[in-house]
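Here's a quick walk through one protein chain, written for someone who likes to know the cut-offs. Have the model open while you read.

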Amino acid sequence: MVYKIHLSNNHCLHTPVQLEYFYKFLKNQSNALEDVAISKYPQLKKIKLFLEKTNNPEFVRMTGSGSTVIAYYKSVKDCNSAKVQFKRKFKNCWLNVSKTI
């Protein structure tokens with residue numbers, strides 16, 4: 001299972017093969033709008049860098065046009081620990097932990 005911290009939608013996958021393909025696909029992608037959004041909203045960069053340093057995430061990425069920053073973890077323990085750290089530092093940000101299924 002992959003656990004993630006994110007700010008919006010949850011993706012639903014039905015088999016481990018689909019999940020592994022999805023994970024590999026996302027890990028090798030980039031978001032063309034990320035640099036533009038980060039230059040306009042420096043807080044996004046702070047959030048992304050912070051998440052990259054918490055509990056060894058598989059990857060951290062901004063989704064879409066900047067409404068969501070998502071961090072993928074392979075263990076629920078690492079994800080929940082990152083959640084605690086994140087909430088201490090970014091008290092005014094909404095945060096959700098979910099499991100990709």
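What follows goes from the overall layout to a helix, a hairpin, the salt bridges and the cysteines.

## Ground rules

This is a predicted model, so to speak with cut-offs attached: local features need pLDDT of at least 70, side-chain atom pairs count only at pLDDT 80 or more, and totals for chains, interfaces and linings use all residues. Residues are numbered from 1 along each chain as its sequence is written, and side-chain values use heavy atoms, with hydrogens and water left out.

## Overall layout

The chain has 4 helices and 4 strands. Both kinds of element are DSSP runs numbered from the N terminus (helices are H or I with at least four residues, strands are E with at least two). Reading from the N terminus, the order is β-α-α-α-β-β-α-β.

Of the 101 residues, 38% are buried. Here buried means under 20% relative accessible area, exposed means over 50%, and partly exposed is in between (1.4 Å probe, protein chains only). Take the contacts (heavy atoms within 4.5 Å) with a separation of 6 or more: 66% of them come from residues 24 or more positions apart.

## Helix 4 and its two sides

Helix 4 covers residues 76–89, and its 14 residues should span 20 Å at 1.5 Å a residue; the end C-alpha atoms are indeed 20 Å apart. The expected span is 1.5 Å times one less than the number of residues.

Its buried residues are Cys79, Ala82 and Phe86. Looking down the axis, they fall within an arc of 65°, so they line one face of the helix. That arc is taken over the directions from the helix axis to the C-beta atoms. As background, an α-helix has 3.6 residues a turn, so residues three or four places apart point the same way. On the face turned away from the buried side sit the exposed residues Lys77 and Arg88.

## A hairpin

Strand 2 (residues 59–63) is mostly covered, with 4 of its 5 residues buried. Strand 2 pairs with strand 3 (residues 68–73) in the antiparallel sense over 5 bridges; pairing requires that DSSP finds at least two bridges between the strands. Val60 stands opposite Ala71 in strand 3.

The two strands form a hairpin with 4 residues between them, and Gly64 in the turn has a positive phi of about 55°.

## Salt bridges

How many salt bridges does a search of the whole structure find? The count is 2, using a side-chain nitrogen of Lys or Arg within 4 Å of a carboxyl oxygen of Asp or Glu. Lys48 pairs with Glu34, their closest N and O atoms being 2.4 Å apart. This pair links distant parts of the chain, with Lys48 in helix 3 (residues 42–52) and Glu34 in helix 2 (residues 34–40), 14 residues apart. Both Lys48 and Glu34 are buried.

Lys48 also meets Glu52 in a salt bridge, at 3.9 Å from N to O. Glu52 and Lys48 are 4 residues apart in helix 3, which means about one helical turn separates them. Glu52 is partly exposed at 38% relative accessibility, while Lys48 counts as buried at 18%. Glu34, Lys48 and Glu52 are thus linked in a network of salt bridges.

## Cysteines

With a disulfide taken as a pair of cysteine sulfur atoms within 2.5 Å, the count is 0. Cys79, in helix 4, is buried with a relative accessible area of 0%, whereas Cys93 is partly exposed at 26%. The C-alpha atoms of Cys79 and Ser98 are separated by 9.2 Å, and the two residues lie 19 apart along the chain.
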